[in-house]
Amino acid sequence: MEFEVVRRDITRFPAEAIVNAANKYLEHGGGVAYAIAKAATGDVREYIRISKEAMREQIGRDHIEHGEVVVTPAMRLEKYGIKYVIHTVGPYCGGVWDEDKKEKLRKAILGALKKADELGVKSIAFPAISAGIYGCPLEEVVKTFKEVVEEFSKEAKSVERVYLVLYSEDAYRTAVETLGLL
Ligand code: AR6
């Protein structure tokens with residue numbers, strides 16, 4: 001399985017599934033969640049409604065825990081080859097990083113990877129979950145991604161390519177340096 005770090009806008013990234021760094025209520029109020037909701041429908045409130053309905057159908061509750069995911073259709077993003085949006089929730093760090101945050105992030109990443117495999121997609125793109133509004137250190141987030149993807153590669157059936165998509169040049173450089181790719 002390939003793991004690649006790229007600098008792009010995830011709302012236009014041509015992977016069959018893209019992941020949303022959501023909150024547990026799928027409110028899509030800011031960050032990449034807002035950007036995906038806006039790009040998918042043009043109307044953020046409409047995508048929140050669709051997401052909450054999907055959550056009730058798929059999870060049977062009005063919130064998700066770390067590791068639980070909800071799938072919504074890509075709608076307008078289909079023109080980039082995106083078929084699904086997989087919503088997952090990472091930990092809130094507020095600058096603090098410890099084993100508990102790492103485990104929650106691990107669950108969030110693994111849950112989305114497993115769902116992508118279940119959906120039969122070959123490629124999946126992630127934003128740097130929890131490294132924005134949730135305030136987790138980007139270096140730790142990037143390291144956790146690499147570890148979880150390696151772990152998952154042993155059981156993957158359909159997923160062949162995993163992308164970690166960084167939005168800013170700075171974040172991209174930090175990620176690449178952290179992984180020793182430069
Ligand atoms: N493409 C790729 N990455 C992006 C994009 C984009 N278009 N836009 C932002 N990022 P965040 P979190 C990066 O804050 O920390 C929302 O309100 C961003 O630079 O979106 O998990 C949710 O509803 C950062 O590196 O997610 C939750 O309430 C990364 O995506 C809360 O924020 C994640 O930043 C979740 O916070």
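Strand 1 (residues 2–7) and strand 6 run parallel and are joined by six bridges. That pairing is a handy way into this model, which is a predicted one. From there we can walk through the strands, turn to helix 3, and finish at the ligand.

**Strand 6 and its partners**

- Within the pairing of strand 1 and strand 6, Val6 has Val165 as its bridge partner.
- Strand 6 also pairs with strand 5, again in the parallel sense, over five bridges.
- Here Ala125 is the residue that stands opposite Tyr163 of strand 6.
- Strand 6 is largely enclosed by the rest of the structure, because five of its six residues are buried.

**Strand 4 and its partners**

- Strand 4 (residues 84–89) is mostly covered, with five of its six residues buried.
- Strand 2 (residues 17–22) runs parallel to strand 4, and six bridges join the two.
- If you want a landmark for that pairing, look for Asn20, which stands opposite His87.
- Strand 3 (residues 70–73) pairs with strand 4 in the antiparallel sense, over four bridges.
- In this antiparallel pairing, Val71 has Ile86 of strand 4 as its bridge partner.

**Helix 3**

- Helix 3 covers residues 99–119, and its 21 residues reach 30 Å from first C-alpha to last, close to the 30 Å expected at 1.5 Å a residue.
- At the start of the helix, a side-chain oxygen of Asp98 comes to within 3.1 Å of the backbone nitrogen of Asp100.
- Just after the helix, Gly120 adopts a positive phi of about 80 degrees.
- The buried residues of helix 3 include Leu105, Ala108, Ile109, Ala112, Leu113 and Ala116, and charged names such as Lys101, Lys115 and Asp117 are among them too.
- An α-helix has 3.6 residues a turn, so residues three or four places apart point the same way.
- What do the buried residues of helix 3 pack against? They pack against strand 2, strand 3, strand 4, strand 5 (123–127), helix 4 (138–153) and strand 6 (161–166).

**The ligand and its surroundings**

- The ligand is surrounded by 20 residues, of which Asp9, Val32, Ser130, Gly132 and Ile133 are the closest.
- Asp9 places a polar side-chain atom 2.9 Å from a nitrogen atom of the ligand.
- Ser130 has a backbone N or O atom 2.8 Å from an oxygen atom of the ligand.
- Tyr134 contributes a polar backbone atom, which is 3.0 Å from an oxygen atom of the ligand.
- On its own the ligand has 700 Å² of accessible area, and the protein covers 88% of that.

Conventions:
Residues numbered from 1 in each chain as written. Predicted model: local features only at pLDDT ≥ 70, side-chain atom pairs only at ≥ 80, totals over all residues. Heavy atoms only, no water. Buried < 20%, exposed > 50% of the residue type's maximum accessible area, 1.4 Å probe, protein only. Pairing = 2+ DSSP bridges. Expected span 1.5 Å × (residues − 1). Contact = heavy atoms within 4.5 Å. Polar contact = N/O pair within 3.5 Å; in protein donor to acceptor, adjacent residues only side chain to side chain. Near = heavy atom within 4 Å. Areas by Shrake-Rupley, 256 points an atom, 1.4 Å probe, with all protein chains shown as cover.
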